[in-house]
Amino acid sequence: MPYNFSAIEAKWQKAWADSGIFEVEADPSKEKFYCLEMFPYPSGALHMGHLRNYSIGDLFARFMRMQGKNVLYPIGFDSFGMPAENAAIKNNTAPSDWTWSNIEHMTNQLKNAGYSYDWRRRVETCNINYYKWNQWLFLQFYKKGLVYRKHAPVNWCDKCQTVLANEQVVGDGVCWRCGTPVTKRDLDQWFIRITDYAQELVDCLDELKGWPERVVTMQRNWIGRSEGVHFEMEVADTDLKLEAFTTRIDTIYGVTFVAMAAEHPYVEKFADMTGGEKAAEIRAFARRMASRSTIERTAVGVDKEGINTGFFAINPVTGEKSPIWIADYILTDYGTGAIMGVPAHDQRDFDFARKYNIPVITVVRPKDGPIPDGATMPSAVAADGIACNSGIIDGLPTEEAITKMGEWFEAQGKGKREVQFRLRDWLISRQRYWGTPIPMIYCPHCGIVPVPEDQLPVALPLDVEMPKNGGNPLALRPDWYNTTCPKCGAPAKRETDTIDTFFCSSWYFDRYTSPWSADKPFNKDDAEYWMTVDQYIGGIEHACLHLIYARFFTKVLSDLGLLPADMREPFKRLLTQGMVIKDGAKMSKSLGNVVDPDEIIKKYGADTARLFILFAAPPEKDLDWSERGVEGANRFLGRVWRLVEQSLDDLKNASSVRVPMDALKGKEVRGIKRIIHSTLDRVTRDIRDERQFNTAVARLMELVNALLAFEPKDDTEWQIKREGVETLLCCLSPFAPHITEELWHILGNEDFLSVHKWFEVDKTALVEDSVTVVLQINGKVREQFDVAAGLSKEELIVEVMGREETKKRIEGKEVIKTIAVPGRLVNIVVKG
């Protein structure tokens, strides 16, 4: 009976689907477990990164079902987005046709891999039944005051012809999707006030005990909470006041210049007030700086550029005038877009000052040491020490100086202590077609008017022709954007921008709890039962994109009453799996090192592919693809098959009743019983507690070796071997569900192993019959003995002292003292 994996896998995939064993409903009488992977973009086909992600998730889901949990394990597709538009242009097809074709192809791939999803709950974000609720939620956010429109400098990708949120500008200031350098452009855009929740987003990070510390740190840094002073500086000889925010108000005595961002609104004011060639220089410099990436402008060590505006800011403490510069390293994305330059204690300020011959004044000295000379110092010095050259705070330690200076500003009415965040409001407008239409209307009489909820959804037209050079075809469709004002009935126009696709992925996990809900985004009772997600799995690259947005959404939905008031976080535990590497690099079509999952499954079977992925590396580490490793996993499954097949009649005839440990007398049979249950115990902990699947597989390989070597001599021993085989199948089932299901039934079992109760560890079988102890003479190891387990200190001494080897070691010597550690050692101190 050969191991025909293709027939076996097809057989059990159909049996599982026909029986509906993975379909679940909310049941308050059962303990739930919600397992979820980040849903895929339907790019056309699964890659090995997908397979790794979903193999980890399916293992959790199957294990928890066998643990008796009511497991929700859904899947869907994050199916709006730019790749569909690009593919439509390239292949001369409609984005919707390309997307839906890919969804069905990838669905078949996932089914062929044997993943135990509740397929009834499949969600597609491009489905009008889903994006209708995107629009409805947008309107709820708008009514709550969380959505607004403003003219602002935004991140622009020329290749994608759309704006990007700050979180979507990555690496060296490039587009997260295509890698094109990002520039700035002024546009009217829609924003969401995520900053209203910035403090809670920071505070709740401490509650995420099941998240990797690396991700928590990344989010904490991205949100960037800062305590400081917000104050104004008068611009000399004008009526203007320049706002600034600093976390180090104690260094204000060291200000020798003020720097503004190229996008600051005062740039144009200064140019207008200056006129002539200088105005043209200012405007040209500002345009050039605004076109550069954030990384280029802010990197430490990179040559700084600036232009002197000719205007001066008046220091609110000293009354001294400092020149106002426009500097490339100042951004509008953080603070006020203007900073006080303290070159003695900030390296970028120092580099700028040295380049443009601006004075450097030291205002913080080391606790033990002289005041550094601003004229000769080679670099900025630490800003933590003792205030110097600092008026009313001279001589104070840094912490006290900051407090006293902040109090002074408030007492004088010159400033206010406050908290600011690096996090900016979420820019959600996209000048793209394949996304959720923003449900807003522009009326020449009424202004901006929301689409009434009873007129939702605003349907995306599917009969579009994509512009060859990119851009949004909705803006070219007057038949779609021309409409009437819901308030006055006058001719009006629809918003042609669509919503950032991260909006779609910020609540899809709620929709899974009741995807058939037609009158609301999801049923609150179902969400209350299933949420939060107990185990979430995905790439760390989403730490400051999807994961922040999803946390924010959950808090808002809770405040809107759509989720329980105390449900403030979406994901209890987070696992960020590593990449799949081949030939030293991440798998990529451009590198030619891609391995097709379909080919691997066709050649070796889904169980082999899954087992290799779970065994080759710990889940959070990168996995180095190895064809030899795949072949090794396949050989192991062949050994499991032969373990059952070569003794099938004896195993089937053996009773499945468990034999207690105290009924077993022989050393060998007691030893195999102990191996069976210690393996079960350790594998259970590897999966449930440690999330170390590779070590679990290694233990199962050792169990197979032990079972193959064990040759039963009577019916009782065959019972033990059957117990071992069935324990192996139980433990291996979440890793390789098809072969284990087949062998389970071949042995005569009639229920599905996939939902069979996880085997219980026999604690008595874990107790060793004997232990190895060492004999030490004067602290040096001389012998090793196997002795009965559980001996007391006195019993162990008697046992060891009675051994012939011990007697020879101490013959002719005086025993001074004997020390015993039960189960470990006996140390005899001798003289002579």
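What percentage of the 832 residues in the protein chain do buried residues make up? In this predicted model, buried residues make up 55% of the chain, where buried means under 20% relative accessible area, exposed means over 50%, and partly exposed lies in between (1.4 Å probe, protein chains only). Because the model is predicted, local features need pLDDT of at least 70 and side-chain atom pairs count only at pLDDT 80 or more, while totals for chains, interfaces and linings use all residues. Residues are numbered from 1 along each chain as its sequence is written, and side-chain values use heavy atoms, with hydrogens and water left out.

The secondary structure comprises 26 helices and 35 strands; helices (H or I, at least four residues) and strands (E, at least two) are DSSP runs, numbered from the N terminus. Along the principal axes, the C-alpha atoms fill a box of roughly 105 × 85 × 50 Å. Of the contacts (heavy atoms within 4.5 Å) between residues at least 6 apart in sequence, 72% join residues at least 24 apart.

The interior was examined next. In soluble globular proteins, nonpolar side chains tend to be buried together. A nonpolar core is defined as a set of buried Ala, Val, Leu, Ile, Met, Phe, Trp, Tyr and Cys residues joined through side-chain atoms within 4.5 Å. The largest such core has 188 residues, and Phe138, Trp426, Phe552, Trp625 and Phe735 have the most contacts inside it. Helix α2 (residues 48–66) gives the most to this core, with 10 residues. Apart from the largest core lies another, of 39 residues, among them Met233, Tyr266, Ala313 and Ala338. Residues up to four places away in sequence not being counted, phenylalanine 138 touches Val147, Trp190, Ile428, Ile438, Pro439, Met440, Ile499 and Phe503.

Two further buried residues illustrate contacts across the chain. Cysteine 731, in helix α23 (residues 715–732), is buried with a relative accessible area of 0%. Its C-alpha atom is 8.6 Å from that of phenylalanine 63, although the two residues are 668 apart in sequence. Beyond four places in sequence, cysteine 731 touches Leu680, Val683, Leu700 and Trp758. Leucine 474, by contrast, belongs to the loop between β23 (447–450) and α13 (478–481), and is buried with a relative accessible area of 0%. Leucine 474 touches Arg432, Tyr433, Leu460, Pro461, Trp480, Tyr481, Thr496 and Thr498, again without counting residues up to four places away.

Helix α8 (residues 265–274) has Tyr266, Val267, Phe270 and Ala271 buried. These four lie on the same side of α8 because they cover an arc of only 145 degrees around the axis, the arc being that of the directions from the helix axis to the C-beta atoms. On the other side of α8, Pro265 and Asp272 are exposed. The cover over the buried residues includes β10 (225–235), β11 (241–246), β12 (257–260), α9 (276–290), β13 (306–314) and β14 (321–327). Glycine 275, with a positive phi near 70 degrees, follows α8.

Open and enclosed spaces were located on a 1 Å grid over the protein atoms alone: a cavity is a set of points where a 1.4 Å probe fits but cannot get out, a pocket is an open set with protein on both sides within 12 Å along at least five of seven lines, and lining residues have an atom within 4 Å of a point. Grid points are joined across faces, edges and corners, and a volume is the space filled by probe spheres set on the points. The second largest pocket holds about 1200 Å³. Its lining has 43 residues, of which Tyr329, Leu331, Tyr334, Arg348 and Arg422 are the closest to its centre. The whole structure contains 3 cavities of 30 Å³ or more. The largest cavity encloses about 180 Å³; Gly81, Met82, Arg430, Arg432 and Thr501 lie nearest its centre among 17 lining residues.

Several backbone features occur in loops. Cis peptide bonds, with omega about 5 degrees, join leucine 456 to proline 457 and methionine 531 to threonine 532. Proline 457 is in the loop between β23 and α13. Asparagine 357, which is not a glycine, has a positive phi of about 55 degrees and is exposed, with a relative accessible area of 71%. Aspartate 583 has a positive phi near 55 degrees and is exposed at 65% relative accessible area.
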